[in-house]
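User: I am new to this structure and would like a close look at one part of it, namely how the domains of the first chain are placed and joined. Please take me through it step by step.

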Amino acid sequence: MELLSGADMLIRSLQDEGIEYIYGYPGGAALHIYDALFRQDKVKHILVRHEQAAVHMADGYARATGKPGTVLVTSGPGATNTITGIATAFMDSIPMVVLCGQVASSLIGEDAFQETDMIGVSRPVVKHNLSVRHPEEIPEVIRKAYYIASTGRPGPVVVDIPKDMTTPNERYEYSYPKKVKLRSYNPAVRGHAGQIKKAVDMLLAAKRPMIYAGGGVILGKASEQLIELVRTLGYPITNTLMGIGCYPATDKQHLGWLGMHGTYESNMAMHHSDLILCVGARFDDRVTNATEKFCPGARIIHIDIDPASISKTIEADVPIVGPVDAVLKEMLSLVKEAKETPDAEALAAWWKQIDEWRAFHGMRYETNPDVIKPQEVIEALWRLTDGKAFVTSDVGQHQMFAAQYYKFDKPNRWINSGGLGTMGFGLPAAMGVKLSFPDDEVLCITGEGSIQMNIQELSTCKQYDLPVKIINLNNQALGMVKQWQDMNYESRHSQSYMESLPDFIKLAESYGHVGIRIDKKEDLEPKLKEALAMKDKLVFLDIYVDRFEHVYPMQVARGSMKDMWLSKTERV
Amino acid sequence: MRRIISVLLENEPGALSRVVGLFSQRNYNIETLTVAPTEDETLSRLTVTTTGSDKVIEQITKQLNKLIEVVKLVDLTEGSHIERELMLIKLKATGSQRAEIKRTVDIFRGQIVDVTSSVYTVQLAGDSDKLDGFIQAVGTAGVLEVVRSGVSGIARGEKILSI
């Protein structure tokens, strides 16, 4: 067997795990590891400008590829800077391994330079964390970390590595474990057959069925199975913000997404349904509105890999714990075998009702010949990229407009921080995507508030030649905050107005990129085309949009799903 | 409703803090908590008493089960079970009080385990209600110091919590 130092074992383990990229930032406690990284060329390291961005990059990579992302940082501030990124990944169940340097074990607890209890600090926002207590353990710890991160309900795993675990001149026998078994961790591999049968019977008997799909379908790579089941049944489907792309948005059975800023027809159909099949979603408060008023006539089937997600906020009538792909596959074969078929008459009446809702108020907004509407920008982008781009977003109004008006037909293309709502996510996430999909169009749709939270990464983009397109919907205000202040605080715009914005064009240029300002409506399409034609350049599009636009529909706070504002004046 | 949840936990550093962290993070109550190694040195047994609606208790057990280091758990209050708590209590014991306290200790089947001219230290085991009852019987005025172990529990009969 080979003898390797702890640091070399760590890097070898990553190679054997098949890791392509590490995103990170060096520092004292991680220097042995960085030296081992230098002496090989299989695993590529991307140097960010702030550790938070490294985590969002790994996150973007994971969401687009479906593979776990990897981060490497030093102890203390290096480690604590990753926390927002880790919490972001945790809330959206993104597989990721974050390797953190730590002070030498002899110094732990002594308030040594750059010492932080990363195991303690990260605990509430990780799926699990591990610390290395002996160099020989490194291969097993790494295998365990990736296994836990990427199986069951995925999530981030932190590995804390004291500096003396990676000392160069202490060598140990290296072998990478093929398998790892944890007696206390056995994620479900299939759903309960009896429950699945019961669910199928209920599905076939439903008069006003709704399928409500979430991010679990994308994480569980079950999009194909879902599409087949939905088409076989002929039922309407909606999805969550996290589930966007799990079912083609341009398909006629798709009602758009649901919840706080979901479509009128989705929210109406949910509220009036008699049966909801929830697939890999978690009845989040941004979906349900007031839980006690949630879908009063509906029975609920809930499929989730995580038993704790079932009946957490909304009680399920038929809980099914299992991987969504396997469960959907079994459901589909039962549906095909079944003697009964969906009640055609009831279904036709249900679709008629849904089409009436669609006609009453689909996604629309008022245009103005003199002002660029943010929605127009998104629609133009959708057209100009044939709906095929990867789109990352930050958090706020621009995120909702992007999700509403860019019609995603494929999973893993819409990449946003849905659960935590992290401003500053968009640009580094786009970088992680672009690195792995260099030939695809990668758009970062952002706002002038969010983009400034990780703007320093323009420098990383230059270093690694990452020609993403940044679409800055500049409304010169923290738009979503301002919208809430308009609606709930009599337009008292407390701290939501951003004076002293930088000249984003010069800023982009100073980092070596191209900046384009768009403030006239007639310039919108030509300049978007011009930017998209610059395949090898990062283009920062600073687009001055309507400062007074609100995101609609918007559910009325503490109401049921069907209580919505459809515009500034229409309330249903 | 009060519940006693018994957990087999990997005997690893940091495992206990995950359990305690989970309770504060998700706003669950901990009334008592005990933890000690078992006959299998790789496992600790943890007993937590908590209160909450059935829905909350269901979430507590599910969330506990999600912790990687939780090997197995049972809600003892779902079946018949035995619960015990140990209390050491120092009581002011002078003059006529001494005989009275001794009698009360006997009634509660406790033991006086340390004596000075003015203080009795009493050891008492039982369910939590019994310990509360003893404190009430001796009167809080005479109580100098109380230390309670928290609840340990085990199922009655042949039910066993093991891996």
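Analyst: The C-alpha centres of domain 1 of chain A and domain 3 of chain A lie 30 Å apart, where the domain bounds come from an automatic or database domain assignment. This is a predicted model, in which local features need pLDDT of at least 70 and side-chain atom pairs count only at pLDDT 80 or more, while totals for chains, interfaces and linings use all residues. Residues are numbered from 1 along each chain as its sequence is written, and chains are lettered from A and ligands numbered from 1 in the order in which they are written.

For chain A, the assignment gives domain 1 (2-174), domain 2 (193-360) and domain 3 (374-548). Between domain 1 and domain 3 of chain A, 24 residues of the former are in contact with 27 residues of the latter, two residues being in contact if their C-beta atoms, placed from the backbone, lie within 7 Å. On the side of domain 1 of chain A that touches domain 3 of chain A, at least two residues each are supplied by β3 (44-47), α3 (51-65) and α5 (83-91) of chain A; helices (H or I, at least four residues) and strands (E, at least two) are DSSP runs, numbered from the N terminus. The largest share of this side of domain 1 of chain A, 11 residues, comes from α3(A). By residue type, the side of domain 1 of chain A that touches domain 3 of chain A divides into 11 nonpolar, nine polar and four charged residues, with Ala, Val, Leu, Ile, Met, Phe, Trp, Tyr, Cys and Pro counted as nonpolar, Asp, Glu, Lys and Arg as charged, and the others, Gly among them, as polar.

Some backbone details in chain A also deserve a look. Most residues other than glycine have a negative phi, and most peptide bonds are trans. D386(A), in the loop between α15 (374-384) and β15 (390-393) of chain A, has a positive phi near 55 degrees, and with 9 C-beta neighbours inside 10 Å D386(A) counts as exposed. N412(A), in the loop between α16 (397-405) and β16 (414-415) of chain A, has a positive phi of about 65 degrees, but N412(A) is buried, with 20 other C-beta atoms within 10 Å. A residue is buried if 20 or more other C-beta atoms lie within 10 Å of its own, exposed if 12 or fewer, and partly exposed in between, with C-beta atoms placed from the backbone. Finally, the peptide bond from Y552(A) to P553(A) is cis, with omega near -5 degrees, and P553(A) lies in the loop between β20 (539-544) and β21 (554-555) of chain A.
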